[in-house]
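Colleague: Please take a close look at the enclosed spaces in this model and at what surrounds them. Cover the open space too, and then follow the chain outward from there.

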Amino acid sequence: MKDFKGFKKGVNLGGWLSQCDYREEHLENFITEEDFKKIASWGMDHVRVPIDYNVIQNDDGTVCESGFRHIEKAVSMCEKYGLNIILDMHKTIGYSFDKGEKENGFFENAGYQERFYSFWAELARRYGNRENIAFELLNEVTDKEFSAKWNEIAKECIKRIRLIAENTVILVGSYWNNSVSAVKDLDPPYDDKIVYNFHCYDPLTFTHQDAHWVDHIDVSGRRTYEESGYSTDKFIESFKEAKETADKNGTVLYCGEYGVIENASPEDALKWYKDINKAFEHYGIGRAAWNYKEKDFGLADERMKPIIEELVKYL
């Protein structure tokens with residue numbers, strides 16, 4: 001795959017069908033038609049929609065039609081406003097990138113893996129083979145120890161999807177929470193419709209300053225972007241190996257998440273976005289910013305209004 005057409009500039013709808021309380025009131029109202037309209041007005045060409053398995057799967061693994069109603073809303077609104085869409089499995093039974101979820105056992109439990117495969121088979125039946133819809137298998141595998149097993153599971157999942165949807169583009173990320181430095185350990189693409197996916201929040205001491213959930217490094221205290229020591233050149237260098245891996249394997253890179261926490265000033269966030277945007281453009285990397293609203297990173301939040309018209313030029 002040489003080009004991920006229609007997925008160059010996007011934004012995440014995190015907190016809607018994932019990382020939420022799952023109340024019907026929330027699922028119905030957190031994202032509305034006006035939001036899709038605004039995203040299109042920003043010049044975006046796609047959205048990434050994180051989905052937790054329990055939105056569309058009942059406890060016994062059967063299909064939850066009420067959950068699919070919200071996905072249908074996303075698909076229809078994207079069609080109305082000329083947006084493409086990535087359906088991202090943000091949490092599966094037995095696994096979540098968020099340690100607080102206490103989801104575990106997925107990589108050892110064949111039953112959990114079958115639920116994972118059935119999730120994707122159902123989405124493939126409903127949304128496969130549409131040029132405007134891509135699939136992202138799983139959000140942010142954490143530990144390197146899962147790498148070999150994840151490659152195996154991803155291959156089997158893609159194989160099953162292909163029985164139903166042979167033309168759908170499928171995104172696969174690596175360990176260390178989709179680290180760009182872990183892309184090199186992904187298996188070669190299953191076929192010519194696979195995209196290598198990564199996330200970038202470098203440096204965490206700036207983008208996650210004072211984030212209470214980060215415990216593996218010290219992110220306490222407020223910092224300006226200048227104090228982070230980052231630049232366009234650093235982003236270009238950090239993406240280089242992954243880009244070379246993608247080129248060697250005949251595919252492309254895509255960045256499914258990148259963004260700056262609300263604890264940083266909007267003006268400093270804008271500087272960071274400008275620099276990382278130059279690196280994306282340097283390599284021709286498509287991307288989706290985290291996050292459209294709320295979840296500590298909201299681009300549409302009130303605090304961002306003074307700079308949002310300028311900032312969206314660099315998404």
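Modeller: In sorting lining residues by class, Ala, Val, Leu, Ile, Met, Phe, Trp, Tyr, Cys and Pro count as nonpolar, Asp, Glu, Lys and Arg as charged, and the others, Gly among them, as polar. This is a predicted model, in which local features need pLDDT of at least 70 and side-chain atom pairs pLDDT 80 or more, while totals for chains, interfaces and linings use all residues. Numbering starts from 1 along each chain as its sequence is written, and side-chain values use heavy atoms, without hydrogens or water.

Over the whole structure, the search finds two cavities of 30 Å³ or more. A cavity is a set of points on a 1 Å grid over the protein atoms alone where a 1.4 Å probe fits but cannot get out, and its lining residues have an atom within 4 Å of a point. Points are joined across faces, edges and corners, and the volume is the space filled by probe spheres set on them.

The largest cavity has a volume of about 60 Å³. Its lining includes Val-260, Ile-261, Glu-262 and Ala-264, then Ala-269 and Tyr-273, and further along Phe-297, Leu-299, Asp-301, Arg-303 and Met-304. By class, the lining of the largest cavity holds eight nonpolar residues, one polar and three charged; Gly-298 is also part of this lining.

The second largest cavity encloses about 30 Å³. Gln-19, Asp-52, His-90, Lys-91, Ser-96, Phe-97, Asp-98 and Glu-101 form its lining, with one nonpolar, three polar and four charged residues.

Phe-97 is also among the residues nearest the centre of the largest pocket, together with Glu-140, Asn-177, His-208 and Trp-213. A pocket is an open set of grid points with protein on both sides within 12 Å along at least five of seven lines. The largest pocket has a volume of about 1,100 Å³ and is lined by 30 residues. Helix H7 (175–178) and strand S7 (194–200) each give two or more residues to that lining; helices (H or I, at least four residues) and strands (E, at least two) are DSSP runs numbered from the N terminus. The lining of the largest pocket has ten nonpolar, eleven polar and nine charged residues.

Asp-52, from the second largest cavity, belongs to one face of strand S2 with His-46, Arg-48 and Pro-50. The other face has Val-47, Val-49 and Ile-51, and both faces are covered, with these residues all buried. Buried means under 20% relative accessible area (1.4 Å probe, protein chains only). Seven of the seven residues of S2 (residues 46–52) are buried, so the strand is largely enclosed by the rest of the structure.

S2 pairs with strands on record here as parallel partners: strand S1 (residues 9–12) through three bridges, and strand S3 (residues 84–92) over seven bridges. Two strands pair if DSSP finds at least two bridges between them. Val-11 stands opposite Val-47 in S2, while the bridge partner of Ile-51 in S3 is Met-89.

Met-89 in turn is in contact (heavy atoms within 4.5 Å) with Phe-116. Leaving aside neighbours within four places in sequence, Phe-116 also contacts residues including Phe-106, Leu-137, Trp-150 and Cys-157.

Technical notes: Buried means under 20% relative accessible area, exposed over 50%, partly exposed in between (1.4 Å probe, protein chains only).
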